[in-house]
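Here are a few exercises to work through at your own pace. Have the model open, try each task, then check the steps below it.

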Amino acid sequence: MSPPEVRTFDDPAALARAAAEDFVGLASDAAANRGRFTVALAGGSTPRLMYSLLAGPPWRDRVPWDQIEVFWGDERAVPPDHAESNYRMAATALLERVPVPPRCVHRIHGEASDLAAAAREYQAEIARVLGVPADGPPPAFDLVLLGMGADGHTASLFPGTTGLEERRRWVVSHRVPSLHTDRVTLTLPVLNRARDVRIFVTGQDKGPRLRQALAAPRGETLPVQRVAPDGGRLVWLVDRAAAGVPATASRS
Ligand code: 6PG
């Protein structure tokens, strides 16, 4: 496998600007070539700045908002107005500030008392919108945005969780012992079908796992190492703090 494509930035702000530009390009290409752009957003805090940049100039007016279908890569077991909600983070940073049609915003129902049912319903929603049978192979999102935790998790695929081994379902709910909570998450079969995947990693605390992930892309020790799109393009966007690159040096 060719070495992963890694773009290193001076700081999170530079990364967010580049990520916003990348998003505009991918969205425009998909809308022009396929009539729409299907994206699964990342949760956590890292993408927040990029989402907020997309809601303003010069990026806002270059995105075909009326041709976008918005999904999430994972969700916490909380209602949509909860401070921990991945939906809420993206809604407040971006979706409430741009003209994406509400019918095109497809959130995971983390508030459900039965998260396994919520996962099944989300798979059915993905199938309906992307126009494929819900019991067949996973469809290809145009873009999947991901982060990485300091333990090497991505989406809500944490080390040792059952969803990490899922080979058939596209969406599952599972217990995350390290957090003492449940999560709903996309699984590797659907993540690895995406046309484009971007993984954002910033901060010194993620350095050891990032270097481990990049040193052995197929190491498959860490969940994030198992993100390897079949035919799609994976690009890591990292800052110098996470990459351990001294302030005086820089890489492409
Ligand atoms: C979540 C995300 C998760 C996140 C990483 C990094 O629900 O938290 O899906 O995978 O991307 O934990 O989180 P930060 O961006 O907050 O460091």
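**Exercise 1.** In which loop is Ala155 found?

*Solution.* First, some ground rules: this is a predicted model, where local features need pLDDT of at least 70, side-chain atom pairs count only at pLDDT 80 or more, and totals for chains, interfaces and linings use all residues. Residues are numbered from 1 along each chain as its sequence is written, and side-chain values use heavy atoms, leaving out hydrogens and water.

Step 1: find the strands, which are DSSP runs of at least two E residues, while helices are runs of at least four H or I, all numbered from the N terminus. Step 2: look between E5 and strand E6 (171-176), and there is the loop with Ala155. Step 3: check its backbone; Ala155 is not a glycine, yet its phi is positive, about 50°. For background, most residues other than glycine have a negative phi.

**Exercise 2.** Work out which side chains make polar contacts with the ligand.

*Solution.* Step 1: list the neighbours, meaning residues with a heavy atom within 4 Å of the ligand. There are 15 around the ligand, and Thr46, Arg76, His153, Ala155 and Lys206 come nearest.

Step 2: look for pairs of N or O atoms within 3.5 Å; within protein, one must be able to donate a hydrogen and the other to accept it, and residues adjacent in sequence count only if both atoms are side-chain atoms. Lys206 has a polar side-chain atom 2.4 Å from a ligand oxygen. For His153 the distance from a side-chain N or O atom to a ligand oxygen is 2.7 Å, and for a polar side-chain atom of Arg183 it is 3.4 Å.

Step 3: see how covered the ligand is. On its own it has 410 Å² of accessible area (Shrake-Rupley method, 1.4 Å probe), and the protein covers 87% of that.

**Exercise 3.** Find which strand gives the largest share of the lining of the largest pocket.

*Solution.* Step 1: pin down the term. On a 1 Å grid over the protein atoms alone, a pocket is an open set of points where a 1.4 Å probe fits, with protein on both sides within 12 Å along at least five of seven lines; lining residues have an atom within 4 Å of a point.

Step 2: list the lining. It has 26 residues, and Gly43, Gly44, Arg76, His153 and Ala155 are closest to the pocket's centre. Two or more residues come from each of strand E4 (74-76), strand E5 (143-147) and strand E7 (181-186).

Step 3: pick the winner: E5, with three residues.
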